[in-house]
Structures are given as structure tokens and as C-alpha cells.
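Trainee: I would like to go through this model with you. Where shall we begin?

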Amino acid sequence: MDKEAIRRRYLEERDKRLRPDGNDQYLRLTGQLSHYLDDPYTPMTAREPRRDHVTVAFIGGGFAGLVTGARLKEAGVDDVRIVEKGGDFGGTWYWNRYPGAQCDTASYVYMPLLEETGHVPTEKYAHAPEILEHCRRIGKQYGLYDNALFHTEVTDLTWDGTRWIVSTNRGDAFTAQFVAMGVGPLHVPKLPGIPGIESFRGHSFHTSRWDYAYTGGDALGTPMDRLAGKRVAIIGTGATAVQCVPHLARACGELYVFQRTPSSVDVRGNRPTDPEWFASIATPGWQQRWLENFTANQTGALAEEDLVMDGWTDIARRVRARIAELPAGERTLERMLEAFEDSDFEKMAEIRARVDAIVADPQTADRLKAWYRQLCKRPCFHDEYLQAYNEPGTHLVDTDGKGVERITETGVVANGREYEVDCVIYASGFEVGTEFSRRAGYDLTGRDGVRLSEHWADGMRTLHGIHVHGFPNAFIVQPTQGANLISNIPHNLTEAGRTIATIVKHALDHGHTQVEATAEAEDAWVELLLSGAGSLLGSPDCTPGYYNNEGVDPGRAGRLMVGHPQGAVAYFRFIDEWRSSGDFDGLAFR
Ligand code: NDP
């Protein structure tokens, strides 16, 4: 392997794609474009605005809200209200109903509260309708529907000195003793800033608002019969496109896939869950064991066995094997990073060879090869995506890093050629690097009138990724500054849910009306975060994408988008001990 040549190629491919406008290249879905956000799944029902009081308000009805709500109910905190912009629970799984949507991390660790609900995932990688149904199951089992407000977006959160005032776009202004927020890292769809996007006269939609009324078929896999004979463009080749392209390839007359950067697409190896096998693993405490085992394997911590055994754990397995081969005296950081790079080169070479083995046309195969390290972009796994390019009606339009040039009234222009189409599907992803208040749709006004956006002006600051000094009785549920485990987001959320339920119960049981992170504890946590080596995701050597702020240096704010310096396993162990100790070091109860 000519390592120098590979490094050079990686940098060349990155350089082709670097652009100074970074996140600004994308369009917000406001004004003329706001119709792309309409909910195609549930009609809005009228209701009276709420002016009452609840013990806990949770913003977001996805996994974060569901698992935190469940843990609060288990702890005996009954008065919980979830506020959700969608028409039901599910979050990402409410919105993303595109054909072929399924989880990319094994269901046994991805789907939360399996042991508590008794649900047995039907497949190793469950499809979206099953995951959405599971969200509803959690909502029903824990009584979270009773007080929930759907199709409701929070517009303001203000601390009035004793409680939070929650205002929404439905005219609500109710109060809450505690608020928690799990608004998700990827919930604001974005469109590429391509000139002419408003001028297209055919049909168009974003993948997170799939228009089955236009395409025919449904999320359960019924073929999209109304696309027969239609010319369809899909823009984007990230994790979403990888899952829906095979279905489009089967349904459309002609499908044009517009590619700026190819994804790495490794083996999926999905299979139905064998009930006998499942019965053999599902002994008490099984899901927690599986969660901890997956995290240890995927993050390169010590683990005796690999229960999940998939593409996520494979890379760590390889790195560990290489490090084990090093003589004891040579296990320096430099040699370990070298071992990591070697394993990565080997893995990516295999992924590129897989393209050659599957895609019949050598030129198309060549253009589908990813030239970057595996964790530069979200790794993808699929057993039908590459095969789709062997369908006669499926055409890859590779733009060699430049992207689509223009949209006209009748089609899509790339590489100087117009492709006339009936429908454009935007698989262009979601806002990530933009500031919290923009993505959340509200800012928080905390103690002394300080806004969260002001407190975070130089980057995110928290204690444990959950508490913010100056914002009493408020909690955030998300991975950053905690475990930052990107390969299995729900693991971060279930742990945060447990932590929050423990704190709220403690406060209520002891008659404390307020709890807040101290300034010293927050400062010390931020110092600890900055003492680490930084995140492996987001390297400036990587091809641009949301993992590295589109290649634009985010400065100090970027250095704070990290997890515990010793990794996810260390964080989970730490937070478990912190919770169980009952001291709640770093929090002040009043
Ligand atoms: P991404 O942000 O990953 O992909 C957006 C795509 O649009 C990229 O291929 C991007 O190219 C392309 N694009 C942007 N602008 C242009 C342009 N002007 N011309 C042509 N192409 C353009 O969004 P996804 O919805 O695919 O995925 C988002 C995330 O959601 C994933 O990374 C993953 O975390 C999650 N997800 C998880 C799934 C799962 O677990 N099963 C399934 C689907 C998504 P470029 O790469 O060059 O920027």
C-alpha cells in the first residue's frame, strides 16, 4: 500500500470540495421555501392554549423525551408534559419515513427500553415503521400521551425566578418547575443553496417529508407505483439517499442520482431476529449489557467479546488487533495512531474494492468510490445501494465535488448539462453546525435575564453535557460534552434520562425548589473537556461535511464539541457513580 499516495489523494479530494461559505451554502426553509416543512403525515387539530402548571416540561418527543419521560414516571414524577413539533411521538422516526429507512446501529442497542417494554425487534436493523411504533409503545406504556402537546413548537423559555414560562406557537404560556430539552441534533431540514431552486415547476420534496401521495407506495415497503414512467432526480448521496435509492431505482422510469461526494458503503448483513436466539440472550439486564458491550467495542475500550459484531465494531476490532501486535515497549500514542491509520486505509480499500465487485460499469464504479478516512463522513452500510446502479434506468450523475449547478423550471443542471425531470427529491440533510437557538427555534432566558445564546457565545458550556450554570431547573439531553457516542445516539439519551430523573426526584423528595450547576463545576468540566485530544470526528483533513463544520475551522467553539477525554465508557462509568453517590457534586440545591 502506497500510504503517501493515499494521503495525497484524500487531501486532493478534500480540496476540491472546500468552500468558504461552509454552512451558509445551505438554505433555511423559510418564506417561499417553508412549505418544504409541512407535515404530510398528520392533520393539525385545533385546541385551546394551555395556561396551567406542570412539574416537568420536556421539549421534543423523540427518543430523548420518551426515555426521560419514562425514567421520570418510573421515579414517581407523574406530572410530565412533552411538547413536540410533529403530530405524534418519534422525532427523527416521525419525520423520516422515506422508503427503506432503517436504523444503522443494531436494533438491540439502538431501540431504547426494549427490556422494559418487552418488544423484540424483528430484525437486526429494524425498519422505520417498527421504530416509530416502538416510540408510540413507550408513549402509551408510560402514560406520556396524556399531557402531551403535538404540532406545537416552543417559541420562548423564560425563568421567572421560581419557575419556567413556556411559550409556544399555539398560543400556550404555561409554567413548569423543571424543563428538559431533547430537540435532536438533526431535525431542521436544509436545502442546497442552488440557484433557481424556487423556479422548478415539477414536484419536489425533502426526504424527511416523503410525499407518498405523489410517489405511491408507503413506508412499509409497498412499491411506489405512481413513479412508474416518471423521471426523478435525487440530490445528495448521504446516509438517507443510500437507503432510499434502491427503492427509487425499482420504481422510477429514470432515476438520476446527483452526487457531490460518494459515501462509503460497507456490508449491511441484516437478518431477522431468531426468537430462540433472542430468548437465549434476553436474561435480566441484557440490554444494558449489550449497550455497554457495543460502546466498549466501538470506542476501542477493553471488551472480552463483541456481541453486536458489525461494521461499527469492526474498525475498532482491527485497530485493537494491530496495537496488540506492537511490542510492549512500542505502544506509544504515535504508533497507536499509525495503527489506526493503517486499519482505516485497509478498511477503505476493502470498501472501494466492494464497489468494483458489485457495480458492473467500471466508470460508474470508479465514481462511487470514497476517498477519505472512514469516520470523516457518516459510514453507511447497505446491501442494495451499489447494486441499484446496475439497473438500466438508474444514472449516477457525479459532479466531481462541485455539486448541482442550477435548478431550472424543468430540471436539474450539473456538469453543464440539463437533466429534465418530473420530480426532484432533496436528500440534502439537516442543519448541524448552526447555533442552538436557531435550530431549536427559541432561546432560553435564565437567571438575571441572561440568554443561553449569550452564555454560549464562545461555545457550548455545560456540566456533564446536561446542566448549564445560570439556568436553574433546566436540563439538556444530547451527546456533546457527555459521552459523545455518535455510533449509538440513544445510549447517550437513556443515560441522560436516568440522570435527570434521579435529580428531579431528589429535589422533590427533599423539598428543594431549585437545582443549578455551580459556576466552578461548569468551569472545571469545560477544562476537563479541553484537556482531551479532541474529537476524531471533525478533522480538518477530512472532506467537508457536517462532522467537520463543512471544513470551516469553528475555533474554540469547535474544540468544545467533544466528549469526556477518556471516552464514552469512562463517561458512562463516571456518571453512574456520580448519580448513585447521591452527593450530586457540582449541583447546588436550594
Ligand atoms: P447528509 O448531510 O449526510 O447528506 C447530504 C447530501 O447532500 C450529501 O451527499 C451532500 O454532499 C449532498 N449535497 C449537498 N449540497 C449539494 C449540492 N449542491 N449538490 C449535490 N449534492 C449536494 O444528509 P442525510 O439526510 O443523508 O443524513 C444526515 C444524517 O442523518 C446522517 O449522517 C446520519 O447521522 C443520519 N441518518 C441516519 C440513518 C440511520 O441511522 N439509519 C439514515 C439516514 C440518515 P456532500 O457530501 O458533498 O456534502
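Mentor: Start with one ion pair, and keep in mind that this is a predicted model. The side chains of K16 and E13 form a salt bridge, at 3.3 Å from N to O.

Trainee: How far apart are K16 and E13 along helix α1?

Mentor: Both belong to helix α1, which covers residues 3-17. They sit 3 residues apart there, so the separation is about one helical turn.

Trainee: How many salt bridges does the count come to?

Mentor: The pair K16 and E13 meets the rule, with N to O at 3.3 Å against a limit of 4 Å. By this rule the count is 49 salt bridges.

Trainee: Which segments make up domain 1 and domain 2?

Mentor: The domain assignment builds each domain from separate stretches of the chain. Domain 1 takes 3-38, 189-268 and 341-426. Domain 2 takes 53-188, 433-516 and 567-589.

Trainee: What area is buried between domain 1 and domain 2?

Mentor: Their centres, taken over C-alpha atoms, are 32 Å apart. Contacts link 21 residues of domain 1 with 17 residues of domain 2. Carbon and sulfur atoms give 50% of the buried area, which is about 1800 Å².

Trainee: Which three residues supply 32% of the area that domain 1 buries against domain 2?

Mentor: No other three residues give more on that side. The three are R28, Q243 and R268.

Trainee: How many residue pairs are in polar contact between domain 1 and domain 2?

Mentor: Take the charged pairs before the polar ones. The count between the two domains is 2 salt bridges. R378 and D104 also meet through their side chains in a salt bridge, 3.0 Å from N to O. For polar contact between domain 1 and domain 2, the count is 6 residue pairs.

Trainee: Which helix gives the most to the side of domain 1 that touches domain 2?

Mentor: That side divides into 9 nonpolar, 7 polar and 5 charged residues. The top helix gives 4 residues and spans 239-251. It is helix α8.

Trainee: Which residue places a polar side-chain atom 2.6 Å from an oxygen atom of the ligand?

Mentor: The ligand is surrounded by 25 residues, and Q102, T240, T261, K377 and Y546 are the closest. Backbone N or O atoms take part too: G238 lies 3.4 Å from a ligand oxygen, and V404 lies 3.0 Å from a ligand nitrogen. The side-chain contact at 2.6 Å belongs to T261.

Terms used. Residues numbered from 1 in each chain as written. Predicted model: local features only at pLDDT ≥ 70, side-chain atom pairs only at ≥ 80, totals over all residues. Heavy atoms only, no water. Domains from an automatic or database assignment. Contact = heavy atoms within 4.5 Å. Buried area = accessible area lost by both parts, 1.4 Å probe. Polar contact = N/O pair within 3.5 Å; in protein donor to acceptor, adjacent residues only side chain to side chain. Helix = DSSP H or I, 4+ residues; strand = E, 2+ residues; numbered from the N terminus. Nonpolar A, V, L, I, M, F, W, Y, C, P; charged D, E, K, R; others polar. Near = heavy atom within 4 Å.
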